[in-house]
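Please open the structure in your viewer and keep the selection panel at hand. The tour below moves from one selection to the next and says what to look for at each stop.

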There are 2 protein chains.
Amino acid sequence: MSHRSHATRATINDVARAADVSRQTVSNALNKPHLVRPATLERVRAEIDRLGYLPSQAAQGMRSQRAGAIGVELNAVHRGASDVAQPFLTDLTVAAPRHDVHLVPFAHGTRFPAVDGYRDMVRRRLVDAFVLSDTHLGDPRPEWLLEAGIPFAAFGRIYDHPELGWWADVDGAAGTAQAVDHLHDRGYRTAAYLGWPPHKDDSEVADARREGWLTRAGELGTAGPELACEQDLADATLAARTLLDQLEPGDAVVCASDLIALGVMYAAAARGWRIGPDLGVVGFDGSLTASRHGLTSLLQPLPDIADALLGLLTDQLAGGADDPGGRLLTPTLTTGPSTDRTTAATAYTPLPAPGKRR
Amino acid sequence: MSHRSHATRATINDVARAADVSRQTVSNALNKPHLVRPATLERVRAEIDRLGYLPSQAAQGMRSQRAGAIGVELNAVHRGASDVAQPFLTDLTVAAPRHDVHLVPFAHGTRFPAVDGYRDMVRRRLVDAFVLSDTHLGDPRPEWLLEAGIPFAAFGRIYDHPELGWWADVDGAAGTAQAVDHLHDRGYRTAAYLGWPPHKDDSEVADARREGWLTRAGELGTAGPELACEQDLADATLAARTLLDQLEPGDAVVCASDLIALGVMYAAAARGWRIGPDLGVVGFDGSLTASRHGLTSLLQPLPDIADALLGLLTDQLAGGADDPGGRLLTPTLTTGPSTDRTTAATAYTPLPAPGKRR
DNA sequence: ATCGTTCATATGAACGTTCAAAAGGCGTTG
DNA sequence: CAACGCCTTTTGAACGTTCATATGAACGAT
């Protein structure tokens with residue numbers, strides 16, 4: 001007997017009947033308790049608990065003309081390529097109940113962000129608004145959503161519409177500045193930088209992270225050489241090899257991402273340098289990659305960003321709220337062995353050939 | 001002027017009025033076109049297109065007493081810890097439209113899977129059913145869902161209810177057997193195994209992967225030594241060091257996961273062995289870790305699993321379907337430099353100290 | 001006693017959809 | 001030509017909720 005009998009869920013009428021009141025009184029007990037006489041309120045609440053009643057989302061949505069949901073596009077092409085996409089989605093999910101919404105992820109199979117997907121989600125009244133990620137210069141989505149009058153909020157700047165403040169982002173400059181301070185505190189001589197090349201479509205992220213390093217290291221007088229590479233382990237390792245040619249043990253490298261930092265670790269290990277004692281390395285993102293490899297990194301404030309974005313959306317949906325301007329949130333430095341000068345590299349960092357040093 | 005006018009979405013009545021028919025005819029045009037006279041059908045369809053009408057999910061859900069949604073728990077504790085969680089969610093999202101459902105992710109903040117979250121999702125009629133991941137021995141969820149009559153399907157076996165077939169999983173044994181074949185084809189002398197220790201709660205996954213290696217390597221006469229370690233880079237690297245003591249250049253290692261394989265690569269590099277030419281390494285999961293490090297791995301058939309699970313759910317929701325029994329899906333071997341005997345290790349695999357060998 | 005006030009609770013209506021059933025048109029048949 | 005059947009289209013009802021409004025009871029003031 002594999003078929004299961006569906007326990008029929010309680011409705012507001014079931015509660016009303018059980019508590020011997022009208023459905024409106026039950027509704028009031030939940031939404032406007034001050035209108036209900038205390039004795040009645042208690043009785044109704046008891047029945048609500050007993051029957052395990054929760055209002056139907058569909059019926060509420062019907063009445064309010066709101067889906068109570070936020071759409072989030074999962075890029076089927078990138079898949080897991082970004083180290084932060086997954087934790088960010090989790091943080092959005094955790095934050096959602098605080099804003100009385102739930103999330104509806106959707107994906108497009110093609111390479112290009114199909115505005116069609118967004119359109120149909122709204123037409124089916126599946127969602128009221130969207131959270132955008134990976135916005136870039138020439139991104140058609142903000143333009144289109146704006147035109148269609150659909151609220152949205154972006155993780156990252158809205159490049160083609162700098163006048164819009166419906167976004168939240170990581171303060172990259174503040175992050176790398178922290179990294180430079182930390183390396184200085186730990187006694188590393190200079191802080192080199194391995195970043196991204198000036199990109200066509202979203203150079204601001206790259207610029208900000210580099211800027212924080214350059215400014216702070218300039219102030220402290222610890223600025224080392226810099227170099228750029230793609231967000232790719234092989235390319236980062238190659239670039240790091242070149243960068244390390246200009247460094248000596250006792251120096252450090254600030255990186256634009258954890259993946260790049262991993263490349264630096266590899267290049268350093270190949271050279272026989274111990275990560276930490278001989279070379280300080282700081283990554284960016286606070287990703288799984290960082291924690292796995294004992295990397296000091298800048299943990300993105302994803303829970304705060306998620307909360308801020310949902311707040312922006314509910315404000316827009318509520319109607320009146322004026323554009324509050326974008327929010328820059330500061331990442332948190334998490335320290336690992338990669339900037340520990342006293343402890344030798346742990347077992348799981350790439351090791352040089354045995355007997356070669358020390 | 002930041003406030004936007006909400007373009008009011010078309011309803012079935014708008015279409016009916018425009019096409020000069022009744023709402024039911026519009027409904028029929030969409031759901032039972034054979035009941036509508038061709039000329040009328042064409043006229044209605046034209047108006048549907050012109051107005052961009054799509055039925056309201058809430059209203060349909062109301063009528064059908066179905067949410068049309070599947071709940072997926074995102075574990076806020078694991079966060080991005082699993083290499084497959086993110087791609088799996090993406091694959092579920094991609095597969096969802098094929099089954100006429102959408103997904104609703106939800107999370108619990110606490111460490112233990114709170115059955116309460118599942119319960120409330122159903123009571124609010126937000127979802128009709130659930131996809132479970134990370135099922136394990138003693139998992140309270142299957143028991144509870146079964147009792148409550150809520151359909152579910154699990155990625156991974158349902159350990160406490162082996163009689164239930166509402167699951168799909170990766171065929172671990174078939175995977176590692178492929179790995180052994182591949183290593184044999186490539187001319188590696190023996191295939192050692194670095195797996196997981198017999199675990200308290202979900203030993204079947206570990207057993208299956210080991211079994212596939214043991215059986216096939218036994219048949220081919222290439223079985224090397226084996227060892228176990230936790231799913232942790234440091235532990236894997238340490239264990240690999242011990243395992244490599246029993247191997248020689250020309251041997252290979254099959255690993256229970258990509259992370260463990262990475263540990264093997266580190267241990268081998270520390271020893272001055274070139275990955276590929278000196279030591280073959282095969283991981284499991286086909287994760288981002290694998291592709292980043294040029295690792296030959298067994299790509300989990302996540303799109304197929306996602307599709308199978310949603311199929312199981314829609315069958316259950318449709319009512320009659322008998323338990324079809326669990327499905328084991330075969331992973332695909334993806335080759336990388338880590339099992340290429342001719343090409344030297346690429347730049348991004350950990351390198352030994354320069355000048356040390358070759 | 002009659003009237004307004006206030007508080008507590010109840011009823012009607014509507015949101016958008018689809019099932020069930022009714023109704024209208026038209027050709028065939030007894 | 002009335003009765004029947006078929007094809008197409010329309011109407012009524014219901015899903016569960018909440019807003020707007022109505023009803024009723026209690027009470028103080030005239």
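A polar contact is taken here as a pair of N or O atoms within 3.5 Å. With that in mind, and remembering that this is a predicted model, select B:Arg63, where a polar side-chain atom lies 2.9 Å from a sugar or linking oxygen of DNA strand C. The elements that contribute two or more residues to the surface near this strand are α2 (23-31) and α4 (57-64) of chain A and, in chain B, α2 (23-31) and α4 (57-64).

Next, select B:Asn31, which places a polar side-chain atom 3.2 Å from a phosphate oxygen of DNA strand C, and then A:Arg37, whose backbone N or O atom lies 2.9 Å from a phosphate oxygen of that strand. Widening the selection to the whole surface near DNA strand C brings up nine nonpolar, 11 polar and six charged residues.

Leaving the DNA, select A:Phe106 and A:Phe130, an edge-to-face aromatic pair with 5.8 Å centre to centre and 65° between the planes. A:Phe106 belongs to strand β2 (residues 102-108) of chain A and A:Phe130 to strand β3 (residues 129-132) of chain A, so the pair ties together parts that are 24 residues apart in sequence. Both A:Phe106 and A:Phe130 are buried.

In chain B, select B:Tyr193 and B:Trp213, which form a stacked pair, 5.1 Å centre to centre with 20° between the planes. B:Tyr193 is buried, at a relative accessible area of 2%, and B:Trp213 also counts as buried, at 1%.

Finally, select A:Arg209, whose charged end sits over the ring of A:Phe284, 3.8 Å from its centre.

Key
Residues are numbered from 1 along each chain as its sequence is written. Chains are lettered from A and ligands numbered from 1 in the order in which they are written. This is a predicted model: local features need pLDDT of at least 70, side-chain atom pairs count only at pLDDT 80 or more; totals for chains, interfaces and linings use all residues. Side-chain values use heavy atoms; hydrogens and water are left out. A polar contact is a pair of N or O atoms within 3.5 Å; within protein, one must be able to donate a hydrogen and the other to accept it, and residues adjacent in sequence count only if both atoms are side-chain atoms. Helices (H or I, at least four residues) and strands (E, at least two) are DSSP runs, numbered from the N terminus. Ala, Val, Leu, Ile, Met, Phe, Trp, Tyr, Cys and Pro count as nonpolar, Asp, Glu, Lys and Arg as charged, and the others, Gly among them, as polar. Rings of Phe, Tyr and Trp (its six-membered ring) pair if their centres lie within 6.5 Å; planes under 30 degrees apart count as stacked, over 60 as edge-to-face and the rest as tilted. Buried means under 20% relative accessible area, exposed over 50%, partly exposed in between (1.4 Å probe, protein chains only). A charge sits over a ring if NZ of Lys or CZ of Arg is within 6 Å of the ring centre and within 35 degrees of the ring normal.
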